[in-house]
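Trainee: Got a minute to go through this model with me? I'd like to start with the strands.

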Amino acid sequence: MEMYLHHVQVSGPAGCEDAMRAFYVGVLGMVEVPKPERLRARGGAWFRAGAAEVHVGIEEGFVPARKAHPGIAVDDVEALARVVEAAGSPVTWDDNIPGLRRFHTADPVGNRLEFQQAQR
């Protein structure tokens, strides 16, 4: 049986959608995916880059994920880090895995995200 990761979901407080769009689309270069009609009333937004999707769900009593995070492989992690940093988001490089170039950042509501150099 073949399996692959379709999406990860992060949470955010009510009303965060525009800030999340600005970050996931404007900074990271993802595209927004229309949510199914039945799910639109819940708020949130969905984003895609290649086969990876990040879904933002609205959560009452939201607290950002500081340890749990999606790990997203990108073709040029150095270039993405420069873009993220230029947009004012934190970039924290992590060399704890030998041979893997990666950094952590936070989205506008504080969720932790990891970006790593794609291994080819």
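Mentor: Sure, let's take the sheet, then the helix, then the later strands. Keep in mind that this is a predicted model.

Trainee: What's the strand order in the open sheet?

Mentor: The four strands run E1-E4-E3-E2, and the pairing is mixed. At the edges sit E1 (7-12) and E2 (31-33), each of which pairs on one side only. From one strand to the next, the twist averages 30°.

Trainee: And which helix packs on that sheet?

Mentor: That's H1, residues 17-27. H1 touches E1, E2, E3 and E4 (52-58), and its direction makes about 0° with that of E3.

Trainee: Back to the edge for a sec. How do E2 and E3 pair, parallel or antiparallel?

Mentor: Antiparallel, over three bridges, with E3 covering residues 45-49. If you want a pair to click on, valine 31 has arginine 48 in E3 as its bridge partner.

Trainee: Nice. New topic: is E7 mostly covered or mostly open?

Mentor: Mostly covered. E7 spans residues 102-106, and four of its five residues are buried.

Trainee: Which strands does E7 pair with?

Mentor: E6 (residues 92-94) pairs with E7 in the antiparallel sense over three bridges, and there aspartate 94 is partnered with arginine 102. E7 is also joined to E8 (residues 112-117) by five bridges, again antiparallel. In that pairing, histidine 104 has glutamate 114 as its bridge partner.

Trainee: What's in the turn between E7 and E8?

Mentor: The two strands form a hairpin with five residues between them. Glycine 110 lies in the turn, with a positive phi of about 100°.

Definitions and conventions:
Residues numbered from 1 in each chain as written. Predicted model: local features only at pLDDT ≥ 70, side-chain atom pairs only at ≥ 80, totals over all residues. Heavy atoms only, no water. Pairing = 2+ DSSP bridges. Axes fitted to C-alpha atoms, helices over the stretch in contact; angles between N-to-C directions. Contact = heavy atoms within 4.5 Å. Buried < 20%, exposed > 50% of the residue type's maximum accessible area, 1.4 Å probe, protein only.
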